[in-house]
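Q: Please take a close look at one strand of this model. I should like a connected account of its surroundings, its pairing and the placement of its side chains.

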Amino acid sequence: MAEISEAPSTLDPDFDQENMRKSKPGLKRLTLSLAVLFSFLLGLPFLLKSIEIYRSPLPFREIDDLSTAFESSPILFPCHFRAVFVNFDPNSYTADQLSISVQAHMAKFAAKNSLACGTCASNVTVSVTLDSNSNCISNGNNVDWKCGALNEFKFAEKHEDGLLDEYLASLCDNNSGAKVYTVVVVKTEQEEVRAVVGKYRHAWIMGRIFEEEAIEKIAEIFVNVFVNGGKEEGLIHGEFMPLGADGRIVLSFNLLNADPHNWIYDWDFQEIDENLLSPVIDALKPLADVSVESQVLYHTPKSSFSFWDDRLDSYIFSTKDLPFFVNSNEWHLDTSVAAGGLSKILQFVVYVPSAKECPLQLQLPNGEISTTNGFISPMWGGIVVWNPSACLMDSKIKHPLRYKISSEDSRKLFEVFMGQLRQLFGLKSDGLFVGASGTSILLASERGFSEWELDVLSRQHSCFNLLQCGTTLGSLSRLVQSLPRMIIMDDIGKQVKYSLEAARLTLSNASLGIYDASAESSRQARLLAEDAFYHPSMMSVSYYSFEHCFAVYSPFFLPVLLHVLLAVLREWKRYKQESKKYYAWKAKVK
Amino acid sequence: MDSSFKSTTLISIFLLFFCNAIPSIAFGSSSTATTMHTNNWAVLVCTSRFWFNYRHMANTLSLYRTVKRLGIPDERIILMLADDMACNARNKYPAQVFNNENHRLNLYGDNVEVDYRGYEVTVENFLRVLTGRHETAVPRSKRLLSDEGSHILLYMTGHGGDEFLKFQDSEELQSHDLADAVKQMKEKRRFKELLIMVDTCQASTLFSQLQSPGVLAIGSSMKGENSYSHHLDSDVGVSVVDRFTFYTLAFFERLNMYDNASLSSLFNSYNSNLLMSTAYYRTDLYGRLLEEVPVTNFFGSVMETIHTDSPYRAFSVKYSKSKAEISLDQSDEVEQRRLKISDVPQELIDSNITDKHATCPVTRIWNAILGRIEMMKELDSLVNYGLILMFLIVTGSSWFSS
């Protein structure tokens, strides 16, 4: 290292060559190395910018909050109940006493459920109205019951349940605000007590009944029918929610001719669709976006076996054969072109057996013959075996005749399909509710589902969709955070934002008690969350991990950086040393 | 001076740790116990191409035929093949693929629906099938449309090695990629139970990184072992089937749709002397006992069926009151097949690996080092420490050398 120092002319005993120097140390080398280091460091932000990837900012905190909120506290809906006692003695019980008693019984029935998600909130109030000939007493603030409205209705005569249902609907119908579930108890002289639940949101009990029995029945109808949908437990399992991730369902109706050499059947599906199916699709609108397809297939035998039974005079297949009935090799059912990748397809099959197996009946384990000849498989669809009338004829015709299923038969088939569709959604296909305090008849609606059933489905679907949305968004945020070098496109960010907005809207709708709007917005929330999660750009195999990036760039920069840093340090050390020497000499000179 | 040295060290440590991606190990809890088993899916993947890998395509096609015969429909099978055997110029029997030298069965005969063929069989497409992240235009037949009640059979065959599987001679599927895909599937509830069968060399290393519950995996050989082909067909000129798949098929040829043999009988049917390797399976992530699980839970078609009690009579004018007399024990018949065998479970790991032939001291020391490294769990932190040490050594040496 060349140091510019004066050669001493004489050996000065005070001048220590090692620890002193006479001139100030030069700064050139230090500034040079510092300049190199500084320019190196100046380039660092440019390097980082060039390897930066675009990640749309996702609201991780909000997603976590929302998903934990959904999982911890179940979503409960406010429900309003009303009981009307007609022709009862107002002096025996007051309206308040009756209300408290009904609420106590309801709490007893609801305790078995322990507040499953999607049921009614626990603090319900039941408003009671006592309507007798003289006057109308009620508790509660909002009295919507028209007093004496049922006086004209002569209960002694035999009336159609449908007419009474329509009449009560016109009385109870108030479109303003929340929906109220009503049970009307009418004391008549008939010995037999009948309980009927209508197509809308009311039910009635008629007969010679006393208050205690009435209260028991009312509470049971409120909890097990209106809240839980006709079942003991309120929660519908996942396998009875046949909803696609994009909120769409495709109903595929198939008519299968097992052996066209015997007969060929066709159907007028257009007619069925226009008259019978469209009200059902309309009813399901808040729950799902339903589309319908149909086809007729030939040469489609089933793959299970049946045996001839002399006593029943038909071919019999039992419930043990049901899992093997569908012959997937020959039944090409999944030919839908309209269904998108995330939609759910439900298959409804009419199976017309061949002459070798005709008539074909289903025998139940208790030995009886099934009245519907049909069964469902959850998340797949339903099958009905229809025996043609040509079956009983003995003729062997060379060229098989083409027949069309009559509209009466089509209607009957459609009734079975309707029952199966209800079963696929978790409701029952028959019209009875059997409870602890007796049997109630559930009236059937032309829309396939009664209003109160649609309410139950809306609540359950809102709950299910929100939970799915929460878990999907949670998985998405975990995935995104675990891969720091994966590009997150703007689409995904927007979908997450809209999904969170829809989820918040659902919660506010649910708190207001608007069931169908909350089902609609929960479906939207889930749809957006699933679209964001299944975005095709988020494949971890396509992106470098952080170690990979480090391993690629470090051989270029680390060795150079190391040497530059060391050079700076060495120069700094030298400068400090030399200036210490200089100051020592300076001090000595002074 | 010392402080600057320390700061350099700190900066380097910080740099190194900063560049470590911290994997997230949290996965959502899912209640598989309450979901009903609704359908079965099969994903069959053959990862080899070229004529000398005939046996891998024959393996996959044989398994395809088996699961179809036992009832899984084409719409629930995803078949990924390179599909260059049947019409290969070197094939003496054009449009025919055999898995036995007696040529009794033509696997390519009729009704073979290949979903991903040729160069579409890539690691990316395979992972897209598993995770479900397809482009919007991909048709339904190429998607795995399973739901939370599905049982999925995943069969992979080809050339593999320690923690990887080779795809079409150009890329690799790592075991941690597979584990990651399965984890994402579990979080999204795309399966209820998953059975992974791998027929490659060192097959059981491929599923060593799995951690999701509900997964059962069996591989044809353990780490360090090869899987062998069964026999050479001198007429066709190549080996036509692998041993593991051959014995699997031998087991299934005895079954039909109605049988209820259990998975433990399948797993116990593998004889390591005949296979010339050890068929290793892991059940630690799988909740149920293997004796109680019928093979048709994965290989056949199950449909849970419920009888429809009555039609929904809404579409006629009159409501009849006679419906009240419907007998009430017709409701909710659920058909399930269960098998209860009270056998004691048997493990298949019966090979004891002892180094009988490591007489040379260098080899012995090397094996000891390897064994010690195998046992260490935190390999990542060891690598990090090594890197820091290296950096420090370089820094120190260049400092002191000047």
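A: The following account concerns strand β6 of chain A and its partners, with a short note on a helix of chain B. The model is a predicted one.

Strand β6(A) spans residues 202–207 and is mostly covered, with six of its six residues buried. In a regular strand, side chains alternate between the two faces of the sheet. In β6(A), His202(A), Trp204(A) and Met206(A) point one way, while Ala203(A), Ile205(A) and Gly207(A) point the other way. Residues of both sets are buried, where buried denotes under 20% relative accessible area.

Two strands pair with β6(A). Strand β4 of chain A, residues 180–187, runs parallel to β6(A) and is joined to it by six bridges. Within this pairing, Met206(A) of β6(A) has Val186(A) standing opposite. Strand β5 of chain A, residues 194–197, pairs with β6(A) in the antiparallel sense, over four bridges. Here Ile205(A) of β6(A) lies opposite Ala195(A). The connection between β5(A) and β6(A) is a hairpin, with four residues between the two strands.

In chain B, helix α2 covers residues 54–69, a run of 16 residues. From first C-alpha to last, α2(B) reaches 22 Å, close to the 22 Å expected at 1.5 Å a residue. Because 14 of its 16 residues are buried, α2(B) is largely enclosed by the rest of the structure. Just after α2(B), Gly71(B) adopts a positive phi of about 125 degrees.

Technical notes
Residues numbered from 1 in each chain as written. Chains lettered and ligands numbered in written order. Predicted model: local features only at pLDDT ≥ 70, side-chain atom pairs only at ≥ 80, totals over all residues. Heavy atoms only, no water. Buried < 20%, exposed > 50% of the residue type's maximum accessible area, 1.4 Å probe, protein only. Pairing = 2+ DSSP bridges. Expected span 1.5 Å × (residues − 1).
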